[in-house]
Amino acid sequence: HRTQGAVNPLPLRQGTIVDLHGRILGMHRGIHTVTVGQRRGLTIASAHPLYVIDINAARNEVIVGRDEEQFFTGLVARGVTWHLPANKVVAAIKATVKIRYRHGGVESDLYPSPGDKNRVTVIFSSPQKAVAPGQAAVFYRGDEIIGGGWIERGIRDE
């Protein structure tokens, strides 16, 4: 009988938990221990529920906010692969975008970056929760996949 163990576990690198205004609310055990949309296990006290709304890896910072602050108006995707002819990847494309496994999809306008069709800005028809960097964004027309990429960052109206 062998004991299963982690191979090369990630070292814990503490960092700050902040609100949208940059106020420090507490400490986290490592950004790899949290995910966008998470509520439980944040080890911070608050009069109202707080959710992870963003993770800033460069600053080793977890940003939290209230439920209504989880919403994004769009996203930027990188590493986009299109399943359309090159001449159909135009200034604006209408599509349904799914941002997580069980997400029902949201009607969106897609704007390929000039000179870089592997990067796209997506503007949702209605704000969406938990736009998580590193997750896939898949673009559909009906049941047909027309493209997809990796979420680089969410866009929020400030």
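**Aromatic pair, cores and strands**

A search of the whole structure finds 1 aromatic pair, where rings of Phe, Tyr and Trp (the six-membered ring of the latter) count as paired if their centres lie within 6.5 Å, and where planes under 30 degrees apart are called stacked, those over 60 edge-to-face and the rest tilted. The rings of W82 and F139 have centres 5.6 Å apart and planes at 35°, so this pair is tilted. The pair links distant parts of the chain, with W82 in strand β5 (residues 71–82) and F139 in strand β9 (residues 136–141), 57 residues apart; strands here are DSSP runs of E with at least two residues, helices are runs of H or I with at least four, and both are numbered from the N terminus. Both W82 and F139 are buried, that is, under 20% relative accessible area, with exposed meaning over 50% and partly exposed lying in between, for a 1.4 Å probe and protein chains only.

This is a predicted model, in which local features need pLDDT of at least 70 and side-chain atom pairs count only at pLDDT 80 or more, whereas totals for chains, interfaces and linings use all residues. Residues are numbered from 1 along each chain as its sequence is written, and side-chain values use heavy atoms, with hydrogens and water left out.

The protein chain holds 0 helices and 10 strands. Its C-alpha atoms fill a box of roughly 50 × 50 × 30 Å along the principal axes, and 39% of its 158 residues count as buried. Among contacts (heavy atoms within 4.5 Å) between residues at least 6 apart in sequence, 49% join residues at least 24 apart.

W82 and F139 also appear in the largest nonpolar core, which has 21 residues and in which L75, W82, L110, V120, V122 and F139 touch the most other members; such a core is a set of buried Ala, Val, Leu, Ile, Met, Phe, Trp, Tyr and Cys residues joined through side-chain atoms within 4.5 Å. At least two residues of this core come from each of β5, β6 (93–98), β7 (106–113), β8 (116–129), β9 and β10 (144–155), and β5 gives the most, with 5 residues. L75 touches, among others beyond four places in sequence, I99, V120, V122, F124, V131 and I151. Apart from this core lies another, of 8 residues, among them L42, I44, V62 and V64.

Two rings have a charged group over them, which requires NZ of Lys or CZ of Arg within 6 Å of the ring centre and within 35 degrees of the ring normal. The charged end of K98 sits over the ring of Y140, 5.3 Å from its centre, and R156 lies over the face of F72, at 4.2 Å from the ring centre.

Towards the N terminus, strand β1 (residues 15–18) and strand β2 (residues 24–28) run antiparallel and are joined by 4 bridges, where pairing of two strands asks for at least two DSSP bridges. T16 has M27 in β2 as its bridge partner, and the hairpin of β1 and β2 has 5 residues between the strands, with G22 in the turn at a positive phi of about 85°. T16 is also one of the residues touched by E61, together with V18 and H28. E61 belongs to strand β4 (residues 61–65) and counts as buried because its relative accessibility is 11%.

Q128, in strand β8, likewise counts as buried at 11% relative accessibility. Beyond its neighbours within four places in sequence, Q128 is in contact with Q70, F71, F72, I99, H103 and V106.
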